[in-house]
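Work through the exercises below with the sequence and the coordinates open. Try each task before reading its solution.

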Amino acid sequence: MRKNVSVGKILDTTITYLILLAVAFVFFFPCLWLILASFSKSGSIYSFDGFFPSQYSTASFVKLFTDTAMYNYPKWFMNTLLIAAGSCALGTFLTILTAYTMSRFNFRMRKPMMKTTMVLGMFPSFMGMTVVYLLMTQFGLINHLGGLILIYASGAPMGYLTQKGFFDTIPRSIDEAAKIDGATNFQIFTRINLPLSKPIIVYTALTSFTWPWSDFILPKLLLKEKNLYTVAVGLMSLDETEFARFAAGSVFIAVPIVILYFCLVKNMVNGIAEGAVKG
Amino acid sequence: MKKKSIALGMAVCLCVGIFTGCGKDGEGAQTVQSEQGGQNGQDSRETEQPSVVNTVFNGELERDVTIQVLENDTAVSKGYFAELIEAFNEKYAEYGIKAVDANMDQYLDLANDGPYGYGPDVLYQANDIIMQYAEGKHIYPLPVEKMECFAQVPETAWAAYRIDLEGTVYTCGVPVNVQAPMLYYRKDLLPEDWETAWDENGNKIPDMAENWNAMYAWSVRRHGENSSQYGYMKSLFDVYFSSGFLFTYGGYIFGNNNTEPADIGFSAGEAEKGAWVLSQLASTMNEECIDDSITTNAYSKLADGTYFATITTPDMYSTFLEEMILVYEEEGLSKDEARAKAEENLVMTTLPALPESGDLTEEGASFVDTKSMGGVNGYAISAYTKHPNACLAFVEFATSYDMMVRRSELLGIAPARNDAADTAGGTSQLLYNNLEAGNIVLMPSIKEVSQIWTPGETFFIDLAKDAFRPEGEKKYTDLDAMKKGLEGVDQQIYDAIFTLK
């Protein structure tokens, strides 16, 4: 039987899709332009035929990884990876612990601590840069990748509210049942709540990874040696005639994060679906 | 009780805050302050350095030390720096002194990083940057009279590194090379009949490279014949390159040899004629001359033949050359053939002469040498170094005749040493001569220079825009209007320097 579709419904769907396409174009077009520019054969933005390059080649990417005398992109890439991975692991661990504690335990300063962290979280992170710089000089952590990991990871629990919200949705009755069966708090956390929290752990890990991956201010402040640069700082230090290298570097830096996203997004969706059924 | 506790806590915090300011000053600050040993002002080259300089640089080389040297990117990328430190390390191996690449951004922040021990020991920078550090007491004054290069470097270059602190004159850097705008043009884009029609004095040098009137005429003709091609092209908003046109007709930055910030002279003399020259040149360009588009695209546009000529600093020669080689390779030439052809066709020379009248269309004009803003890059020693004598040995070595000649060969720069400039010949010698003749106005070495850029840029942008405004809306229609515009620039700079002082 043929379903009756009203004109209004068709019009509504068409307009919605047109708007979505327009918005997608606005966001996608700069990325497309940068990707095409990174494959430009001439390597110069001024030799483009109109808006796009006239000839294409992979020379810029080859140069990016082989011509490392002045601009050591592979080294910058590995530094960024190390910082992001370290911050991701430590930051996720600390954030989940903080969120779980705030969600599951009642203690004397819980409410004031929650309020304080919420207010502190409203201040922009760069506000404390001068203090961070002075502290890092005193600890001898300037020009140390570990210093950056420490700062990113220690700052991560400030944004624990999302994770706490997730833990709040897991019924406490499960904890109580486990307690009756003789489980300790640690066992309840590791055996019951953590497996149920896969989506939020994945989400936390992703955000903990992407922030240091793309940050510029902190690495610029704390890393003085060129060999310790992250990709963001390194790309900013390129000479004005190095546009092709800049474009290729900007495109390549997106690759790991895209791979990571596609690997983890499945867990996020599965976890959320799983939670929904159980809930 | 609770209130008392809070009050007590606040009082403690206040005391801590107050006593925070009672700590020791940084090492660098202490060093320079202690150097003001009551010596009288010394302007002459023959006078002795303050005794305290001799105390720091006592000639006793520190042994088994590593010094960090910050060079500029070009020196690193062209391999000169590697040669330099290798030669130095070999010579000083017996003392255990080793120079290494500081591995930092060439635009460092010594004022913030130095006190914490993260700056280089020796740095290579432009004179205005070094002297800003000198004013902040972040670098050591040097015993330059004792250095081998002293007699070979012209007084003008040394003057760029002198500072008068409380009546004592210190020299805080050692000049290495002279930077000033050079004309780049394509020999193969000259008109076919240039030897008969564009070489009035028959000296085998095209008139376009000798005077701005011919350059203007050729620019008008080239653009007229093909609207996508241009003659001379340059971003006019750039104060560094445009202000030289004003200086040629009597303008200056600061009075008393660029040391008196209250006397600002962009409008002095007949500087408005220089502004007129710029507005005439703008009329042969496109609207990209208003911002920095031409500065960034000149390398590829000169290479592909869109532009005939431009001006920039001599250290960019290799960048122009590489771009031209790429174009020739795309046309099917081998790497060697492309390089040979590019070297044949790309010409770098000193700036053409300007007409005395400022009129680029005047026939039979008499010409004057074009002045330009320039700088002297050099070495300085950080006041935070623990090995000043080893650093001085490095600077001495790096400014020796052999190293300066080698630097000039590899980087194409103009040495500040007379003997090295003689050996280098060509444009290096021309630049050196221009410096000695006073045609290169060195960037002031006082901190107030930071206030000249924005007002200057605003005026030059407006002047360049004028060429593209409809006839009735033009702002600078005659010399008087240009004079008033420049006087406005002087006033804005003055206000920027003194309003909040």
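**Exercise 1. Locate B:E166 in chain B and describe its backbone and its exposure.**

Solution. This is a predicted model, and local features are read only where pLDDT is at least 70.
- Step 1: place the residue. B:E166 sits in the loop that joins β4 (162-165) to β5 (168-171) of chain B.
- Step 2: read the backbone. Its phi is positive, about 50°, and B:E166 is not a glycine.
- Step 3: recall the background. Most residues other than glycine have a negative phi.
- Step 4: count neighbours. B:E166 has 9 C-beta neighbours inside 10 Å, so it counts as exposed. The cut-off for exposed is 12 or fewer.

**Exercise 2. Do the same for B:N257: which element holds this residue? Is B:N257 buried or exposed?**

Solution.
- Step 1: B:N257 belongs to helix α12 (residues 255-258) of chain B.
- Step 2: its phi is positive too, about 55°, and B:N257 is not a glycine.
- Step 3: 11 other C-beta atoms lie within 10 Å of B:N257, so the residue is exposed.

**Exercise 3. Describe the side of chain B that touches chain A.**

Solution.
- Step 1: count both sides. Chain B brings 17 residues to the contact, and chain A brings 17 residues.
- Step 2: find the elements. On the chain B side, α4 (73-77), α14 (293-303) and α15 (317-330) each supply at least two residues.
- Step 3: rank them. α14(B) gives the most, with five residues.
- Step 4: sort by character. The chain B side holds six nonpolar, six polar and five charged residues.

**Exercise 4. How many residues of α14(B) are buried, and what covers them?**

Solution.
- Step 1: count. Eight of the 11 residues of α14(B) are buried, and the helix is mostly covered.
- Step 2: name them. The buried residues are B:I294, B:N297, B:A298, B:Y299, B:S300, B:K301, B:L302 and B:A303.
- Step 3: find the cover. It includes β7 (182-186), β9 (309-312) and α15 of chain B.
- Step 4: look past the helix. B:G305 follows α14(B) and has a positive phi, near 90°.

**Exercise 5. Which residues touch the most other members of the largest nonpolar core, and where does this core lie?**

Solution.
- Step 1: pick out the residues. The core has 145 residues, and B:V122, B:C172 and B:F394 touch the most other members.
- Step 2: place the core. Domain 1 (45-172 + 375-437) and domain 2 (182-371 + 448-498) of chain B both give residues to it, so the core lies between them.
- Step 3: trace one residue. Leaving out residues up to four places away in sequence, B:V122 touches B:I67, B:V69, B:L70, B:Y379, B:I381, B:C391, B:F394 and B:V395.
- Step 4: look for a second core. Another, of 49 residues, lies apart from this one; among its members are A:V132, A:Y160, A:Y203 and A:L228.

**Exercise 6. Characterise the fold and dimensions of chain A.**

Solution.
- Step 1: list the elements. Chain A has 13 helices and zero strands.
- Step 2: take the dimensions. Along the principal axes, its C-alpha atoms fill a box of roughly 75 × 70 × 30 Å.
- Step 3: compare with a globule. The radius of gyration of chain A is 24 Å, whereas a compact globule of 279 residues would have one near 19 Å.
- Step 4: check burial. Of the 279 residues, 29% count as buried.
- Step 5: check contact range. Among contacts in chain A with a separation of 6 or more, 73% join residues 24 or more positions apart.

Conventions. Residues numbered from 1 in each chain as written. Chains lettered and ligands numbered in written order. Predicted model: local features only at pLDDT ≥ 70, side-chain atom pairs only at ≥ 80, totals over all residues. Core = buried A, V, L, I, M, F, W, Y, C linked by C-beta atoms within 7 Å. Buried ≥ 20, exposed ≤ 12 C-beta atoms within 10 Å, placed from the backbone. Domains from an automatic or database assignment. Contact = placed C-beta atoms within 7 Å. Helix = DSSP H or I, 4+ residues; strand = E, 2+ residues; numbered from the N terminus. Rg over C-alpha atoms; globule rule 2.2 N^0.38 Å. Nonpolar A, V, L, I, M, F, W, Y, C, P; charged D, E, K, R; others polar.
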